[in-house]
Amino acid sequence: MLTKTFITEPPRKTELLDSHDVIVIGGGPAGICAGLAAARRGAKTLLIEQAGCLGGIATVGLHQKIAQFRGSRGQGNIVGGIPAEIVERAVRDYEADFFPGGHDGLFVEIEGYKYLLDRMAEEAGLEVLFYSQVSDVVRKNGKLVGVILNNKSGRFAALAKILIDCSGDGDVAYRAGCRMMHGRLGDGKMQPVTLMYTVGGVDTDAVRGYMAEDHKLRNFCRIAAEQGYMRPWQSELMGFWFNSHRPDQVNANFTHMAYDGACAFDLTAAAVEGRRQVREAVEAMRALIPGFQDSYLITTASHIGVRETRRIFGRYVLTEDDIKRQAIFEDSIGLGSAFIDIHNTEGPGMDKKSGFTLPPGGYYSIPFRSLIPESINNLLVAGRCHSATHEAAGSTRWMTQCMVMGQAAGTAAQIAIKRRELIVDIDIAELQKQLKADGAILF
């Protein structure tokens with residue numbers, strides 16, 4: 001094991017940006033809803049995003065499928081509020097498609113979706129800063145008061161009354177000293193990461209016909225490996241996604257890599273390996289899947305799709321049992337119904353714990369306490385880094401449930417600021433009343 005060595009940097013002044021009521025870190029599904037909720041309620045809000053657009057994995061990650069707006073197996077609406085508004089506007093004005101046969105989810109048109117989220121931020125008065133990454137936190141008299149961010153213009157400090165960590169990896173919570181789970185309890189193993197990609201020139205009708213016979217492409221994966229097109233890094237397809245406004249294109253959720261998405265060195269290796277896997281997959285599909293004969297690679301995602309890294313230990317840790325028993329908490333801030341979706345930590349395919357599905361129409365609630373770290377009173381954590389076990393996070397990490405958490409976090413932050421209270425002291429009934437007034441579904 002190598003011994004780490006260090007240098008000592010000289011003291012330096014860091015330019016201070018305007019102070020804000022709320023700072024949201026991360027502009028993915030949780031972050032955009034947190035920022036909109038806080039800004040619409042009158043809080044001066046800054047959203048810091050490392051990419052050049054909002055949407056996170058749905059845009060820079062090319063993961064255009066956003067699912068689980070209804071109870072299990074597509075029965076009964078369970079998600080309203082800002083997430084439902086985004087869906088309505090995306091379908092009405094920006095070329096998103098509802099799932100065939102129902103409104104349980106949608107396939108966004110990625111460029112239109114980016115534009116929609118820009119417009120919604122502008123309408124709300126939400127200040128957005130792109131191409132900026134949070135590298136540390138700021139404390140005053142031991143209290144968390146802001147973050148340090150770096151971008152092409154330099155190094156800056158941004159201060160706020162309340163911070164909302166929607167980074168996906170719990171970056172702010174981790175740097176603030178919160179106790180964290182990293183991967184699953186016991187051995188720390190994490191779900192694999194994926195590099196999404198887009199293929200053009202596809203006869204999508206022919207592909208759908210082939211998939212009716214080989215739905216998860218298990219036979220394809222076996223044959224492709226046997227014939228030398230692909231190394232055996234995958235054993236089944238995680239998703240082919242189509243949008244009618246790009247009729248000859250397919251987005252593929254297929255590559256599979258065991259790397260730590262919270263480590264820049266691992267992400268670098270994953271990007272290189274991911275592009276290697278994409279090349280193999282494209283050649284194999286062109287040779288073996290009807291409809292892909294004339295296909296070509298358009299692009300790979302500019303960001304690796306990360307399913308799991310750090311999660312906080314919160315005032316409550318949501319468990320697999322909570323999901324299976326369809327727990328409804330007194331401090332519910334929204335609902336979820338996704339199956340427990342865990343990709344294999346040991347090799348190709350899905351984990352043996354994956355696949356539990358609630359009964360038709362089933363759902364569980366997400367407690368507000370799972371958004372609050374154990375020991376910090378002006379930090380909220382929303383999205384896949386909230387307080388949940390490895391197994392429970394297999395369901396709550398879905399984008400729709402992250403959006404639900406984001407709206408709740410932004411609303412709670414505004415209430416705490418208005419009442420001059422700590423996050424842990426706000427009246428849950430008032431939070432729930434406001435969420436319901438804004439269209440959220442809590443029970």
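## Report on a predicted protein chain

R184 touches K189, E308, T345, E346, D351 and H390, leaving aside residues up to four places away in sequence. The model described here is predicted.

**R184 and its surroundings**

R184 sits in the loop that runs between β13 (180–182) and β14 (197–200). Its relative accessibility is 18%, and because buried means under 20%, R184 counts as buried. The side chain of R184 takes part in polar contacts with two acidic side chains, listed in the table: that of D187 and that of E346. E346 is also among the residues that R184 touches.

| Side chain | Partner side chain | Polar contact |
|---|---|---|
| R184 | D187 | 2.7 Å |
| R184 | E346 | 3.1 Å |

**The chain as a whole**

The protein chain has eleven helices and 21 strands. Its radius of gyration is 21 Å, close to the 22 Å that the globule rule gives for 443 residues, so the chain is as compact as a globular protein of that length. Along the principal axes, the C-alpha atoms fill a box of roughly 65 × 55 × 40 Å.

Of the 443 residues, 59% count as buried. The accessible surface comes to about 18,800 Å², and carbon and sulfur atoms account for 49% of that area. Among contacts between residues at least 6 apart in sequence, 73% join residues at least 24 apart.

**The β10–β11 hairpin**

Strand β10 (residues 133–140) and strand β11 (residues 143–151) run antiparallel and are joined by seven bridges. One of the residues in this pairing is V134, whose bridge partner in β11 is L149. The two strands form a hairpin with two residues between them. In the turn, N141 has a positive phi of about 55 degrees.

V138 is found in β10. Its relative accessibility is 19%, under the 20% limit, so V138 counts as buried. Apart from residues up to four places away in sequence, V138 touches K143, L144, V145, G146, V147, I148, A157 and L159. V138 and T396 are 258 residues apart in sequence, and their C-alpha atoms are 29 Å apart in space.

**A three-stranded sheet**

Strands β4, β8 and β7 form an open sheet in the order β4-β8-β7, with antiparallel pairing. The edge strands are β4 (65–67) and β7 (97–98), each of which pairs on one side only. Between β7 and β8 (residues 105–107), the antiparallel pairing extends over two bridges. F98 stands opposite L106 in β8.

**Helix α5**

In helix α5 (residues 204–213), the residues T204, V207, Y210 and M211 are buried. These four cover an arc of only 115 degrees around the axis, which puts them on the same side of α5. The face turned away from this buried side carries the exposed residues D205, A212 and E213.

The cover over the buried residues of α5 includes two helices, α6 (218–226) and α7 (264–288), and two strands, β15 (239–241) and β16 (250–253). At the N-terminal end, α5 is capped by D203: a side-chain oxygen of D203 lies 3.3 Å from the backbone nitrogen of D205. D205 thus appears twice in this description, as the residue with the capped backbone nitrogen and as one of the exposed residues on the face turned away from the buried side.

Technical notes: Residues are numbered from 1 along each chain as its sequence is written. This is a predicted model: local features need pLDDT of at least 70, side-chain atom pairs count only at pLDDT 80 or more; totals for chains, interfaces and linings use all residues. Side-chain values use heavy atoms; hydrogens and water are left out. Buried means under 20% relative accessible area, exposed over 50%, partly exposed in between (1.4 Å probe, protein chains only). A polar contact is a pair of N or O atoms within 3.5 Å; within protein, one must be able to donate a hydrogen and the other to accept it, and residues adjacent in sequence count only if both atoms are side-chain atoms. Contact means heavy atoms within 4.5 Å. Two strands pair if DSSP finds at least two bridges between them. The radius of gyration is taken over C-alpha atoms; the globule rule is 2.2 Å times the number of residues to the power 0.38. Accessible areas come from the Shrake-Rupley method with a 1.4 Å probe; for residues, only the protein chains shown count as cover. The arc is that of the directions from the helix axis to the C-beta atoms.
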